[in-house]
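Thank you all for coming. I would like to take you slowly through one structure, and I will explain each term when it comes up.

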Number of protein chains: 2
Amino acid sequence: MTSDATQPTTAFCQHDHNHCIDSAMAQARHLCQQRGVRLTPIRQRVLELVWQSHQPLGAYTLLGLLAEEGFNSAPPTIYRALEFLQHEGLIHKLASINAFTGCCNPGTPHEGHFFLCLSCHQALEIDTSTLQHSLQNSAGKHGFSIAQQTIEITGCCAQCQSKQNTENHG
Amino acid sequence: MTSDATQPTTAFCQHDHNHCIDSAMAQARHLCQQRGVRLTPIRQRVLELVWQSHQPLGAYTLLGLLAEEGFNSAPPTIYRALEFLQHEGLIHKLASINAFTGCCNPGTPHEGHFFLCLSCHQALEIDTSTLQHSLQNSAGKHGFSIAQQTIEITGCCAQCQSKQNTENHG
DNA sequence: TGACAAGGGTTATAACGTAACATAACATCA
DNA sequence: TGATGTTATGTTACGTTATAACCCTTGTCA
Ligand SMILES: [Zn+2]
Ligand SMILES: [Zn+2]
Ligand SMILES: [Zn+2]
Ligand SMILES: [Zn+2]
């Protein structure tokens, strides 16, 4: 048997992405039911589309995908769905690239902080708990009260680096 | 005499902002001359307009101000100037609010990291050197090679907090 | 003085996002 | 059931942010 349990389920790693999708959709259904909010067909489909890979997608890209499937394709449709999903903590917006990506841990409310690979365009949601201390420290020095954090680090992921090395030296 | 030397010259503090402007323009002229690039009238005026306060301004706001002064007012005018100023490290773009602000230390190339006050809309460029260790640590764990960092922390500055307290309790 | 590059003018369009109002679907209760 | 209020969606129009493409002027220099 394959040891699925040991596979990472994140960006920048080979993994069973269907597991990401299934897990995300199951959590979404569960959370929405628990909160008494409606994961309508449009909202559910948008969430699935966002989760189609770990590459964040723009609102109009998503809108185009919706349109292909016969859904309404006016801008408010997608922005309303995205607003709902963001509000429920099921997706994050990446301000630096105007795109949206699924949240890996929607159960606990939090802001998304990311590594973004410029080569494969995937986003990895990272844990910034060790940053938070120095950030709060800096805020304290200035008497600044933190509300929201946009932390988006671009660069090149390990996979893409090794690919590039292979190309150059092989 | 007043002790100007002890005054902070940053956002979120009362200070002689003319000093900010004069210093920024002097540095800009110096750096451009040193590098053999041209701080043309449009570019210079855009930089002055960006520096008119510590509140970041949008491209079209700046374009409107240019237009009022008889400059050309088509979008490429402002985007070209902003691109030049960014490239020379004289301004930073704030991705989370699509706005531009002057760089406080253009001599040493760096990325801008900011506290943004939601109340007075000023931006304070902060030192994130203490963050960098944990960020590089996190990147190292994932084999991620960092290229560029978008770090924009919104909240409420000390001045605005004390104003709000005065309003509520006074 | 002709090649060339940099800067800027002009027009058009792409990309991203929202306001405002009408209608449909759903829930609730007399 | 039917009235009523709420939530979700449809629809049109517009606002905001950013870039592509083309051309002309100006300065530089062999
Ligand atoms: Zn996955
Ligand atoms: Zn990659
Ligand atoms: Zn100042
Ligand atoms: Zn403030």
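Let me begin with the cysteines, where the count of disulfides over all chains is zero, a disulfide being taken here as a pair of cysteine sulfur atoms within 2.5 Å. In general, a disulfide is a covalent bond between the sulfur atoms of two cysteines. Cys156(A) has its closest cysteine sulfur in Cys117(A), but the two sulfurs are 4.5 Å apart, which is too far for a bond. Cys156(A) is also buried, at 14% relative accessibility, and Cys20(B) is buried as well, with a relative accessible area of 8%; buried means under 20%, exposed over 50%, and partly exposed in between, using a 1.4 Å probe and the protein chains only.

Before going on, I should say that this is a predicted model, in which local features need pLDDT of at least 70 and side-chain atom pairs count only at pLDDT 80 or more, while totals for chains, interfaces and linings use all residues. Residues are numbered from 1 along each chain as its sequence is written, chains are lettered from A and ligands numbered from 1 in the order in which they are written, and side-chain values use heavy atoms, with hydrogens and water left out.

Now to the DNA: 16 residues surround strand D, and those that come nearest are Thr40(A), Arg80(A), Tyr60(B), Tyr79(B) and Lys93(B), where near means that a heavy atom of the residue lies within 4 Å. Of the atoms of DNA strand D that come within 4 Å of the protein, 49% belong to sugar and phosphate.

Which parts of the DNA do individual side chains approach? A polar side-chain atom of Thr40(A) lies 2.6 Å from a phosphate oxygen of DNA strand D, and a side-chain N or O atom of Asn98(B) is 3.4 Å from a phosphate oxygen, whereas Arg80(B) places a polar side-chain atom 3.3 Å from a base nitrogen. Among the helices, which are DSSP runs of H or I with at least four residues, numbered from the N terminus, α4(B) gives the most to this surface, with four residues.

Finally, please look at His113(B), which lies in strand β3 of chain B, residues 113-117, a strand being a DSSP run of E with at least two residues. His113(B) is buried, with a relative accessible area of 6%, and it touches several residues further along the sequence, including Leu124(B), Ile126(B) and Ile151(B), where contact means heavy atoms within 4.5 Å.

Note on methods: A polar contact is a pair of N or O atoms within 3.5 Å; within protein, one must be able to donate a hydrogen and the other to accept it, and residues adjacent in sequence count only if both atoms are side-chain atoms. Lists of a residue's contacts leave out its neighbours within four places in sequence.
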